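This report describes the pockets, strand pairing, aromatic contacts and backbone geometry of the structure shown below.

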Amino acid sequence: MKYVPKSAAKKFQNGPTASGWEWPVGDKDIDIAEATVNGDYPESGFVVNEECKELLYIISGEGTFVTKNNSVKLQPGDQVLIDKGELFRYENATELVLLAACAPAWRPEQHKEIPKLNSKN
């Protein structure tokens, strides 16, 4: 067992519209973060996690989750599974609070912003 108290959580900021808390579990296979999105994230284009899947659980708020081929309106209690390499974004988020579990554990260098789509994306 590994216990990580709330007091050990580390604040993060992803641009002007996304922020949250990460817990330093120290496990390479899985981690979790709580994020809040207000507005569009990223502000333009998409983001991608090149090495991990993300399982999102929507705690509160609302917004639209968009991929290259689909979009869904998010509500509290919804879940979204994002495959590694899948381009995504949030639009029109209003106090959208979510838990994001990543496997393997998320690392900043594998999270990329894709400013606009081209023939390779």
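In this predicted model, the largest pocket has a volume of about 330 Å³. Its lining comprises 19 residues, and those nearest the centre of the pocket are Phe-12, Asn-14, Ala-35, Glu-54 and Ala-100. Two or more lining residues come from each of strand E1 (10–14), strand E2 (18–22), strand E3 (31–41), E5 and E8. The largest share belongs to E3, which gives 6 residues to the lining. By class, the lining of the largest pocket consists of 14 nonpolar, 2 polar and 3 charged residues.

The second largest pocket has a volume of about 150 Å³. Its lining is formed by Lys-10, Glu-22, Trp-23, Pro-24, Val-25, Gly-26, Asp-27, Asp-31, Ala-105 and Trp-106. Of these residues, 5 are nonpolar, 1 is polar and 4 are charged. A probe the size of a water molecule, rolled over the atoms, shows where empty space is left. The two pockets are set side by side in the table.

| Pocket | Volume | Nonpolar lining residues | Polar lining residues | Charged lining residues |
|---|---|---|---|---|
| Largest pocket | about 330 Å³ | 14 nonpolar residues | 2 polar residues | 3 charged residues |
| Second largest pocket | about 150 Å³ | 5 nonpolar residues | 1 polar residue | 4 charged residues |

**Strand pairing**

Strand E3, which supplies the largest share of the lining of the largest pocket, is joined to E2 by 5 bridges, and E2 and E3 run antiparallel. Within this pairing, Gly-20 has Ala-35 of E3 as its bridge partner. Ala-35 is also among the residues nearest the centre of the largest pocket. E3 is joined to E8 as well, through 9 bridges, again in an antiparallel arrangement. Here the bridge partner of Val-37 is Leu-96 in E8. In a regular strand, side chains alternate between the two faces of the sheet.

**Aromatic pairs and a buried asparagine**

How many aromatic pairs does a search of the whole structure find? The search gives 3 aromatic pairs. In one of them, Phe-65 and Tyr-90 are arranged edge-to-face, with 5.6 Å centre to centre and 70 degrees between the planes. This pair links distant parts of the chain, since Phe-65 lies in strand E5 (residues 53–67) and Tyr-90 in strand E8 (residues 88–103), 25 residues apart. Both Phe-65 and Tyr-90 are buried. Another edge-to-face pair is made by Phe-88 and Tyr-90, with 6.1 Å centre to centre and 90 degrees between the planes. Phe-65, Phe-88 and Tyr-90 thus make up one aromatic cluster. Phe-88 counts as buried because its relative accessibility is 2%, and Tyr-90 counts as buried because its relative accessibility is 6%; the cut-off for buried is under 20%.

Phe-88 is also one of the contacts of Asn-49. Asn-49 is placed in strand E4 (residues 46–49) and is buried, with a relative accessible area of 1%. Beyond its neighbours within four places in sequence, Asn-49 is in contact with Glu-54, Lys-84, Gly-85, Phe-88, Trp-106, Gln-110 and His-111. Two of these contacts also appear in the pocket linings: Glu-54 is among the residues nearest the centre of the largest pocket, and Trp-106 lines the second largest pocket.

**Backbone geometry**

Most residues other than glycine have a negative phi, and most peptide bonds are trans. Where do departures from this pattern occur? A cis peptide bond joins Tyr-41 and Pro-42, with omega about -10 degrees, and Pro-42 lies in the loop between E3 and E4. A cis peptide bond also joins Ala-103 and Pro-104, where omega is about -10 degrees. Pro-104 is in the loop between E8 and strand E9 (111–114).

Positive phi values are found at Asn-92 and Glu-95. Asn-92, although not a glycine, has a positive phi of about 50 degrees and is located in strand E8. Its relative accessibility is 56%, so Asn-92 counts as exposed. Glu-95, which is likewise not a glycine, has a positive phi near 45 degrees. Glu-95 is also found in strand E8, and at 46% relative accessibility it counts as partly exposed.

Terms used. Residues numbered from 1 in each chain as written. Predicted model: local features only at pLDDT ≥ 70, side-chain atom pairs only at ≥ 80, totals over all residues. Heavy atoms only, no water. Phe/Tyr/Trp six-rings, centres within 6.5 Å; stacked < 30°, edge-to-face > 60°. Helix = DSSP H or I, 4+ residues; strand = E, 2+ residues; numbered from the N terminus. Buried < 20%, exposed > 50% of the residue type's maximum accessible area, 1.4 Å probe, protein only. Contact = heavy atoms within 4.5 Å. 1 Å grid on protein atoms, 1.4 Å probe; cavity = no way out; pocket = protein on both sides within 12 Å on 5 of 7 lines; lining within 4 Å. Points joined across faces, edges and corners; volume = space filled by probe spheres on them. Nonpolar A, V, L, I, M, F, W, Y, C, P; charged D, E, K, R; others polar. Pairing = 2+ DSSP bridges.
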